[in-house]
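Please walk through this structure step by step, beginning at its surface, moving on to its interior and then to its charged pairs, with some attention to how far the coordinates can be read.

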Amino acid sequence: MWRKAWVETRWWIVLMLVLDIGIASLLLDSPAEAWHGLLGGAVPLGAVVNAIIVAGTGLATRSSYRPLVAIDPSMLFTLSLPITRRRLVLTRVAVGLLGMTALVGLTLLAYRLFAPGVGATVPAGAYLGYGMAVWSVAAVGFGLSTLCSAWLDQLWQVYATMGVMFAALFGWPAVQIWQPVLNGKAGGPTALGAVIALVLAGLLIEGAVRSVQRRDL
């Protein structure tokens with residue numbers, strides 16, 4: 001199942017990596033003043049998009065050439081395998097989380113190493129806390145996308161999750177738990193927000209597992 005999950009996810013990870021590299025190449029020379037805004041908005045938003053795209057698909061097989069097919073023919077084969085639905089979903093979640101972590105981690109590391117404005121905006125010691133906050137919020141998007149996959153096809157799974165996450169990120173400032181770090185107040189608020197985000201992500205993933213277990217297929 002690990003290999004199957006990887007085969008279904010790998011090209012989406014590659015696609016997001018190419019997009020991340022392309023975007024990063026345009027941003028590296030931005031001045032420090034611009035980086036404060038980028039780290040506060042565009043960079044976390046990109047991490048959330050990465051998470052949503054590589055999130056788990058529940059019972060469905062991720063098919064890049066038939067995104068609107070609600071029930072892929074291979075789903076019946078998957079259900080015939082000697083594996084529980086819980087294990088199936090959690091395996092796909094694990095592969096997706098590893099891909100998301102690699103994408104977010106490599107992107108943030110590249111900005112730190114190659115963009116002088118980042119070092120002038122966030123001290124090295126606080127950048128790790130910033131990265132953890134961004135990853136935690138992205139994990140919520142990942143969990144929500146996985147939950148949506150239990151009921152929606154691929155395309156609507158992405159649309160629904162992006163709609164909810166973008167509305168939360170732009171409409172509810174408290175969700176932006178990385179902002180205290182950018183404002184020189186790293187510590188309690190960011191750490192507490194990250195813990196809450198991780199718990200919420202875990203609950204969403206568990207909700208996806210239970211939805212798949214109860215689904216009549």
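In which helix is W156 found? The model shown here is a predicted one, and in it W156 is found in helix 7. On the surface, W156 joins W151, L152 and Y159 in a nonpolar patch, and the four residues together have about 500 Å² of accessible area.

Before going further inward, the confidence of the prediction deserves a look. The mean pLDDT of the chain is 84, and 84% of the residues reach 70 or more. Over residues 64-70, however, pLDDT stays under 50, and for this stretch the model has 12 contacts beyond four places in sequence. Where pLDDT is low, the predicted coordinates should not be read in detail.

The interior comes next. The largest nonpolar core comprises 55 residues, and those with the most contacts inside it are W35, L39, M100, Y111, Y130 and W178. At least two residues of this core are supplied by each of helix 1 (2-27), helix 2 (32-53), helix 4 (85-114), helix 6 (124-148), helix 7 (154-171), helix 8 (179-182) and helix 9 (188-214). Helix 6 provides the largest share of the core, with 12 residues. Leaving aside residues up to four places away in sequence, W35 touches L27, L28, S30, V43, Y111, A115, G117, V118 and T121; one of these partners, Y111, is itself among the residues with the most contacts inside the core.

The charged pairs complete the tour. Side chains of opposite charge can pair when their charged atoms come close. A search of the whole structure finds 2 salt bridges. In one of them E206 pairs with R86, with the closest N and O atoms 2.8 Å apart. Because E206 lies in helix 9 and R86 in helix 4, this pair ties together parts that are 120 residues apart in sequence. E206 also meets R210 through their side chains, in a salt bridge with an N to O distance of 2.9 Å. Here both residues lie in helix 9, 4 residues apart, which is about one turn of the helix. Through shared partners, the salt bridges join R86, E206 and R210 into one network.

Are these three residues buried or exposed? Since partly exposed covers the range between 20% and 50% relative accessible area, E206 counts as partly exposed at 23%, R86 likewise at 30%, and R210 at 44%.

Terms used: Residues are numbered from 1 along each chain as its sequence is written. This is a predicted model: local features need pLDDT of at least 70, side-chain atom pairs count only at pLDDT 80 or more; totals for chains, interfaces and linings use all residues. Side-chain values use heavy atoms; hydrogens and water are left out. A nonpolar core is a set of buried Ala, Val, Leu, Ile, Met, Phe, Trp, Tyr and Cys residues joined through side-chain atoms within 4.5 Å. Buried means under 20% relative accessible area, exposed over 50%, partly exposed in between (1.4 Å probe, protein chains only). Contact means heavy atoms within 4.5 Å. pLDDT is the predictor's confidence in each residue, from 0 to 100. Patches are made of residues with over 30% relative accessible area and no salt bridge: like charges are joined within 9 Å, nonpolar side chains (Val, Leu, Ile, Met, Phe, Trp, Tyr) within 5 Å. Accessible areas come from the Shrake-Rupley method with a 1.4 Å probe; for residues, only the protein chains shown count as cover.
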